[in-house]
Amino acid sequence: TGSTQPQRMLEAVQKNATKGDPESVFSAIDYYGRHKEWAMNVGDEKGLILDSVLTEVNPSIALELGTYCGYSTVRIARLLSPGSKLITVEFNPAFAAVARQIIAYAGVQDKVTLVEGPSGDLIPKMKERFGIKSFDFVFLDHWKDRYVPDTKLLEDCGLLRKGTVLLADNVICPGAPEYLKYVRNSPRYESRYFKSNLEYSKVEDGLEKSVFLG
Ligand SMILES: CNc1ncnc2c1ncn2[C@@H]1O[C@H](/C=C/CNC(=O)c2cc(-c3ccc(F)cc3)cc(O)c2O)[C@H](F)[C@H]1O
Ligand SMILES: [Mg+2]
């Protein structure tokens with residue numbers, strides 16, 4: 001009955017997933033996105049790359065830009081060590097409301113701070129609001145034309161440190177060409193492309209992993 005896709009996704013989670021089991025929550029969303037209604041979650045295939053980068057980085061403080069329904073929020077939070085935190089930014093109140101419920105259903109709410117508002121306004125407030133020195137890991141999955149301005153903003157606000165890992169979704173489809181140029185041509189980043197497929201599809205897409213060199 002849910003009138004919006006996020007509401008229908010939440011229903012699918014409440015119906016098919018086990019409360020407190022993050023894996024069952026994002027698997028239920030993957031099933032929905034693959035067999036019911038395509039949805040712009042990072043998905044199961046690119047999700048495995050996200051998992052492996054996260055396991056390698058093991059961030060104490062992580063940032064996600066573009067929560068949407070919280071699929072990658074849950075995927076990231078489940079892998080965080082005790083005491084580690086994920087801050088996720090979402091400016092659509094309806095999406096944020098659904099994401100909060102999906103995050104809570106998965107039982108990862110203690111690791112996640114969902115902040116409602118535009119990334120451009122919130123990034124400059126991260127230090128004062130959350131007492132953050134710098135991020136260990138950043139997942140970019142919001143409007144694709146905002147990847148570059150927000151990366152520059154993170155740099156200018158001193159929120160990146162030597163070794164911070166940026167992982168960007170959709171660098172091929174829908175594509176983030178300016179972002180690829182920026183991180184691949186800048187001497188301040190060591191960049192690598194992880195080839196994969198667009199979520200629930202055979203179309204090529206991939207994740208760009210860029211290490212900030214300070
Ligand atoms: C700009 N600052 C923002 N601050 C806070 N929240 C934000 C901000 N900007 C957006 N949001 C929030 O972040 C989300 C936006 C995600 C956008 N994602 C996509 O467009 C996207 C699109 C495809 C796609 C591929 C092929 C095709 F045929 C059709 C679609 C695949 C993907 O994996 C994507 O991630 C949310 F919706 C918005 O409110
Ligand atoms: Mg995406």
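This is a walk through a predicted model, one selection at a time.

**Stop 1: the magnesium ion**

Start by selecting ligand 2, the magnesium ion, together with Asp141, Asp169 and Asn170. These three residues coordinate the ion, through OD atoms of the two aspartates and OD1 of Asn170, at 2.0 to 2.2 Å. Written as a sequence pattern, the donor residues are spaced D-x27-D-N. Colour by secondary structure and you'll find Asp141 in the loop between S4 and helix H8 (147-156), while Asn170 is in the loop between S5 and helix H9 (171-175). Asp141 and Asn170 are 29 residues apart, so this pair links distant parts of the chain.

Are Asp141 and Asn170 buried or exposed? Asp141 has 14% relative accessibility, and because the cut-off for buried is under 20%, Asp141 counts as buried. Asn170 is buried too, with a relative accessible area of 3%.

**Stop 2: ligand 1**

Keep Asp141 and Asn170 on screen and add ligand 1. How many residues surround ligand 1? There are 23, and the closest are Glu90, Asp141, Lys144, Asn170 and Glu199. Turn on distance labels for a few polar atoms:

- Glu90: an N or O atom of the side chain is 2.5 Å from an oxygen atom of ligand 1.
- Glu199: a polar side-chain atom lies 2.5 Å from an oxygen atom of ligand 1.
- Ser119: here the ligand atom is a nitrogen, 2.9 Å from an N or O atom in the side chain.

**Stop 3: Tyr200 and its backbone**

From Glu199, step along to Tyr200, in the loop between S6 and S7. Check the backbone torsions: Tyr200 isn't a glycine, yet phi is positive, about 55°. The residue is buried, with a relative accessible area of 10%.

For another one of these, jump to Asn58, where phi is near 45°, again a positive value in a residue other than glycine. Asn58 is in the loop between H3 and strand S1 (61-65). With a relative accessible area of 39%, Asn58 is partly exposed.

**Stop 4: a cis peptide bond**

Now select Cys173 and Pro174. The peptide bond from Cys173 to Pro174 is cis, with omega near 5°. Pro174 is found in helix H9.

**Stop 5: Thr88**

Strand S2 (residues 85-90) holds Thr88. At 0% relative accessibility, Thr88 counts as buried. Show side chains and look for Glu64: a polar contact of 2.6 Å joins the side chains of Thr88 and Glu64. Leaving out residues up to four places away in sequence, Thr88 touches Glu64, Thr67, Thr73, Val112, Thr113, Leu114 and Val115.

**Stop 6: the nonpolar cores**

Hide the ligands and select Val25, Ile29, Leu50, Ile76, Ile102, Phe137 and Phe139. They have the most contacts inside the largest nonpolar core, a set of 42 residues. Elements giving two or more residues to this core include helix H1 (5-16), helix H2 (22-35), helix H3 (43-57), strand S3 (112-116) and strand S4 (135-140). Which element gives the largest share? H5 does, with seven residues.

Zoom in on Val25 for a closer look. Beyond residues up to four places away in sequence, Val25 touches Val13, Ala17, Thr18, Ile102, Tyr105 and Ala106. Then switch to the second core, which is separate and has 27 residues, including Phe135, Leu159, Tyr189 and Phe212.

**Stop 7: aromatic rings**

Stay with Tyr189 and Phe212. The model has six aromatic pairs, and these two residues form one of them. What is the geometry of the Tyr189 and Phe212 pair? It is tilted, 5.3 Å centre to centre, with 55° between the planes. The rings come from distant parts of the chain: Tyr189 is in strand S6 (residues 189-197) and Phe212 in strand S7 (residues 204-212), 23 residues apart. Tyr189 is buried, with a relative accessible area of 5%, and Phe212 is buried with 3%. Add Tyr182 to the selection, as ring pairs link Tyr182, Tyr189 and Phe212 into a cluster.

**Last stop: Asp121**

Finish at Asp121, in helix H6 (residues 119-122). Asp121 counts as partly exposed, at 46% relative accessibility. Draw a C-alpha to C-alpha distance to Leu153: the two residues are 32 apart in sequence and 10.0 Å apart in space.

Notes. Residues numbered from 1 in each chain as written. Chains lettered and ligands numbered in written order. Predicted model: local features only at pLDDT ≥ 70, side-chain atom pairs only at ≥ 80, totals over all residues. Heavy atoms only, no water. Helix = DSSP H or I, 4+ residues; strand = E, 2+ residues; numbered from the N terminus. Buried < 20%, exposed > 50% of the residue type's maximum accessible area, 1.4 Å probe, protein only. Core = buried A, V, L, I, M, F, W, Y, C linked by side-chain atoms within 4.5 Å. Contact = heavy atoms within 4.5 Å. Donors = N, O, S within 2.8 Å, 3.2 Å for Na, K, Ca; no water. Phe/Tyr/Trp six-rings, centres within 6.5 Å; stacked < 30°, edge-to-face > 60°. Near = heavy atom within 4 Å. Polar contact = N/O pair within 3.5 Å; in protein donor to acceptor, adjacent residues only side chain to side chain.
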